[in-house]
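Colleague: I have the sequence and the model open on my screen. Could you walk me through it before I go back to the bench?

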Amino acid sequence: MLSKKIVDRINLQINREMYSANLYMAMSARQSETGYLGIANWLMVQYHEEMFHAMKLYNYLLDQNATPKLAKIDQPEVKAKTVKEIFEATLEHEKFVTASIKELLELALAEKDYATENLVRWYVDEQVEEEKNATDILQTIELMGEGKQGIFMLSVQLGKRKPTIPLDFTGMSTED
Ligand code: OFO
């Protein structure tokens, strides 16, 4: 059985993952408007990844006989104007999420809650990838420059991104 503290903290993390999803969807919309459809695709795939992160926690609470509580999700703020700024903001946001996951892991360890610890360690690894993805794109922008041609080529490359999440990520049975 999970402690109230752990359940509340996991619910907060669900809210943060759903905020992340909305943030990337809002960024994707901006890129669609500017015509960089490949970048919009990358960000929309990221939206699905974030919803998967949220659902994994949601399903864990249900498996542990605890209640997922869905709170109000803040409106995503997209201040970035250029493509480089989009990915700088992405990296910044992922660093925030990494710190949030670390906090959750520390709580699980303090409570000797080993089941939650195991679950959260998956997110620790995931955050390494999240930060690496944004860092790699920023490096590519650095190499190709922020001119129209460079950003267009980046967009073509990011258009190839496909979701890596399991199709049954909702936790619902796909069988009749
Ligand atoms: Fe859920 O990892 Fe990004 O935010």
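**Turns, helices and pockets**

Modeller: Let me start at one turn: directly after α4, Gly 145 adopts a positive phi of about 85°. Please keep in mind throughout that this is a predicted model.

Colleague: What length should α4 span, and what do its end C-alpha atoms give?

Modeller: The 31 residues of α4 should span 45 Å at 1.5 Å a residue, and its end C-alpha atoms are 46 Å apart, which agrees.

Colleague: And α2, how many residues does it have and how far does it reach?

Modeller: α2 has 27 residues and reaches 38 Å from its first C-alpha to its last, which is close to the 39 Å expected at 1.5 Å a residue. The helix is also mostly covered, since 19 of the 27 residues of α2 are buried.

Colleague: Stepping back, how many helices and strands are there in the protein chain?

Modeller: The protein chain has five helices and zero strands, so that, read from the N terminus on, its elements run α-α-α-α-α.

Colleague: What radius of gyration does the protein chain have, next to that of a compact globule?

Modeller: For 176 residues a compact globule would have a radius of gyration near 16 Å, and the protein chain, with 17 Å, agrees with that. The C-alpha trace spans about 55 × 40 × 25 Å along its principal axes, and 45% of the 176 residues count as buried.

Colleague: What share of the contacts comes from residues 24 or more positions apart?

Modeller: Among contacts in the protein chain with a separation of 6 or more, 81% are accounted for by residues 24 or more positions apart.

Colleague: Changing topic to pockets, what volume does the largest one have?

Modeller: The largest pocket holds about 190 Å³ of space. It is lined by 13 residues, and those closest to its centre are Trp 42, Glu 129, Asn 133, Ile 137 and Arg 161. The elements that give two or more residues to this lining are α2 (37-63), α4 (114-144) and α5 (148-158).

Colleague: Which element gives the most to that lining, and how do its residues divide by character?

Modeller: α4 gives the most to the lining of the largest pocket, with five residues, and the lining as a whole divides into four nonpolar, four polar and five charged residues.

Colleague: And the second largest pocket, what lines it?

Modeller: The second largest pocket has a volume of about 170 Å³, and its lining residues include Tyr 19, Leu 23, Met 27, Glu 77 and His 93. At least two residues of that lining come from each of α1 (4-34) and α3 (83-110), and the lining divides into six nonpolar, one polar and three charged residues.

Colleague: You mentioned Glu 77; where does it lie, and is it buried or exposed?

Modeller: Glu 77 lies in the loop between α2 and α3, and it counts as exposed because its relative accessible area is 55%, where exposed means over 50%.

Colleague: Which residues is Glu 77 in contact with, leaving aside its neighbours within four places in sequence?

Modeller: With those neighbours left aside, Glu 77 is in contact with Tyr 19 and Leu 23. Its C-alpha atom is also separated by 9.1 Å from that of Met 27, although the two residues are 50 residues apart along the chain.

Colleague: Back to backbone angles, what is phi for Asn 65 and for Lys 112?

Modeller: Asn 65 has a phi near 60°, a positive value in a residue other than glycine, and Lys 112, which is not a glycine either, has a positive phi of about 50°. Asn 65 is in the loop between α2 and α3, while Lys 112 is in the loop between α3 and α4.

Colleague: Are those two buried or exposed?

Modeller: Asn 65 is exposed, with a relative accessible area of 77%, and Lys 112 counts as exposed at 58% relative accessibility.

Colleague: One last residue: Ser 28, buried or exposed, and what is it in contact with?

Modeller: Ser 28, which is found in helix α1, is buried, because its relative accessible area is 4% and buried means under 20%. Leaving aside its neighbours within four places in sequence, Ser 28 is in contact with Ala 40, Leu 43 and Met 44.

Notes: Residues are numbered from 1 along each chain as its sequence is written. This is a predicted model: local features need pLDDT of at least 70, side-chain atom pairs count only at pLDDT 80 or more; totals for chains, interfaces and linings use all residues. Side-chain values use heavy atoms; hydrogens and water are left out. On a 1 Å grid over the protein atoms alone, a cavity is a set of points where a 1.4 Å probe fits but cannot get out, and a pocket is an open set with protein on both sides within 12 Å along at least five of seven lines; lining residues have an atom within 4 Å of a point. Grid points are joined across faces, edges and corners, and a volume is the space filled by probe spheres set on the points. Helices (H or I, at least four residues) and strands (E, at least two) are DSSP runs, numbered from the N terminus. Ala, Val, Leu, Ile, Met, Phe, Trp, Tyr, Cys and Pro count as nonpolar, Asp, Glu, Lys and Arg as charged, and the others, Gly among them, as polar. The expected span of a helix is 1.5 Å times one less than its number of residues. Buried means under 20% relative accessible area, exposed over 50%, partly exposed in between (1.4 Å probe, protein chains only). Contact means heavy atoms within 4.5 Å. The radius of gyration is taken over C-alpha atoms; the globule rule is 2.2 Å times the number of residues to the power 0.38.
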